[in-house]
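User: Hi! I am new to this structure and would like to go through it with you, one question at a time.

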Amino acid sequence: MPDKITNDKLAINVQGVTKQFGTLKALDTVDLKARQSKVTGLLGPNGAGKSTLIKIMTTLLSPDDGRVMVDGVDVLADPSEARKRIGLAGQYAAVDDFLTGRETLYMVGRLYGMDSPQAKKRSQELLERLDLVDAADRQTKTYSGGMRRRLDLGASLVATPHVLFLDEPTTGLDPRTRLQLWDIIRDLVKQGVTILLTTQYLEEADALCDYIYVVDHGKMIVEGTAESLKSSLGQDVIELRVSDAQLARAKEVIEQRLKTEVEVDDLTQRLRVRTTSGTDDLLAVAAELKKAKLTAEELSVHRPSLDDVFLAVTGHSAKETK
Ligand SMILES: Nc1ncnc2c1ncn2[C@@H]1O[C@H](COP(=O)(O)OP(=O)(O)OP(=O)(O)O)[C@@H](O)[C@H]1O
Ligand SMILES: [Mg+2]
């Protein structure tokens, strides 16, 4: 996939969106494009502006400035037309405690103008797809967090949206439920749905997103595919683990050989060194350790992770709160 997005086949095109709350610029001339039938990720720490942008793209909030096109519709000029084409599962599952799962989906169907048999059929389909059949006739107040999330996602799918917005769909879910949601998201994309999701999890963006935007303090700071973001950092990381007794000596030997600083993680006894020629340097390190009669218990070279990218562009980790 080319790295820069062109304007053809765009499902979302946000240009110059600005939103101020009092003195706080929550969004500052933000641009974002999303291709049809792809997953676009909006990544950023707490308070970055992710939900604010989602609310603007889904007609729930007006920007102070800028333009928003979704599925060919000008969201600001024609919000009701835009709403017909989009689905939204918000950051906090909006599920009514006293309805059952089935009733929730049925009600949404009726609100969208389906007749009763249609709404029943659609509810059943979604309950099956989201693995909620067993719990379908229980009040949702008995649902676990993961079940509520899935039901909320189900509600956003009732009207078969072209573009689906998911605001932190997997925050707070256990790993198994998170993977289940990833599968559902991938399935939807196969069926042609365009997805825009926000996340604080870099591995999630890495696993799901075809293209990623990183937002911080209301500004888009970097964009690209996961691969291109990683390679823009340029450097591979060699990592090795040695015994406590050998730590200092190993650091010295490697620093002498590679002429660069080796970071030491005291807790895990790992040594890390950044390099531009990962494999060559890996072999050199292995040879040098052998010569010095040192034993590396683990020795590997890897590309920088999206975590490294985030740290490099924002100066703080994605999980840190400010
Ligand atoms: N209605 C509002 N009134 C005032 N300030 C707001 C409002 N909505 C959001 N903000 C502020 O705008 C900034 C961006 O908030 P937003 O909810 O978009 O962040 P976020 O990236 O979704 O964060 P999180 O990961 O915590 O959900 C924050 O500083 C927030 O406090
Ligand atoms: Mg948010």
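User: Which element supplies the largest share of the shell around ligand 1?

Analyst: Happy to help, and please keep in mind that this is a predicted model. Two elements, β2 (24-35) and α1 (50-57), each supply at least two residues of the shell around ligand 1. The largest share is three residues, and the element that gives them is α1.

User: How many charged residues does the shell around ligand 1 have?

Analyst: Among the 13 residues around ligand 1, F21, A26, K50, S51 and T52 come nearest. Sorted by class, the shell has four nonpolar and eight polar residues, and the number of charged ones is one.

User: Is T198 buried or exposed?

Analyst: Let's place T198 before judging it: this residue lies in strand β8 (residues 194-199). Leaving out residues up to four places away in sequence, T198 touches L42, K50, I54, D167 and E168. A residue needs 20 or more C-beta neighbours within 10 Å to count as buried. T198 has 25 of them inside 10 Å, so T198 is buried.

User: E168 is one of the residues that T198 touches; what is the phi of E168 near?

Analyst: E168 lies in the loop between β7 and α6. E168 is buried because 22 other C-beta atoms lie within 10 Å. Its phi is positive although the residue is not glycine, and the value is near 45°.

User: Where is D71 found, and what is its phi near?

Analyst: D71 is found in the loop between β4 (65-70) and β5 (73-74). With 18 C-beta neighbours inside 10 Å, D71 counts as partly exposed. The phi of D71 is also a positive value in a residue other than glycine, near 50°.

User: How many residues of α5 are buried?

Analyst: First, a check on the helix itself: at 1.5 Å a residue, the 13 residues of helix α5 (residues 145-157) should span 18 Å, and the end C-alpha atoms are 19 Å apart, which agrees. What covers the buried residues of α5 includes β6 (86-89), α3 (101-111), α4 (116-129), β7 (163-167) and α6 (175-190). Those buried residues include M147, R149 and L157. The helix is mostly covered, and of its 13 residues the number buried is 10.

User: How many residues has the largest nonpolar core, and how many has the second, separate one?

Analyst: Within the largest nonpolar core, the residues with the most contacts are I12, M57, V70, F165, I195 and I212. The core has 67 residues. Taking M57 from that group, its contacts beyond four places in sequence are I12, V14, V68, V70, V75 and F165. A second, separate core includes L240, I254, L271 and V273, and its number of residues is nine.

User: How far apart do the C-alpha centres of domain 1 and domain 2 lie?

Analyst: The domain assignment gives domain 1 as 10-95 + 143-231 and domain 2 as 235-303. Between the C-alpha centres of these two domains, the distance is 40 Å.

User: What separation do the C-alpha atoms of E255 and V285 have?

Analyst: E255 lies in helix α9 (residues 247-258). E255 is partly exposed, with 14 other C-beta atoms within 10 Å. Not counting residues up to four places away in sequence, E255 touches T260, E261 and V262. V285 is 30 residues from E255 along the chain, and their C-alpha atoms are separated by 9.6 Å.

Notes. Residues numbered from 1 in each chain as written. Chains lettered and ligands numbered in written order. Predicted model: local features only at pLDDT ≥ 70, side-chain atom pairs only at ≥ 80, totals over all residues. Helix = DSSP H or I, 4+ residues; strand = E, 2+ residues; numbered from the N terminus. Buried ≥ 20, exposed ≤ 12 C-beta atoms within 10 Å, placed from the backbone. Contact = placed C-beta atoms within 7 Å. Core = buried A, V, L, I, M, F, W, Y, C linked by C-beta atoms within 7 Å. Near = placed C-beta within 6 Å. Nonpolar A, V, L, I, M, F, W, Y, C, P; charged D, E, K, R; others polar. Domains from an automatic or database assignment. Expected span 1.5 Å × (residues − 1).
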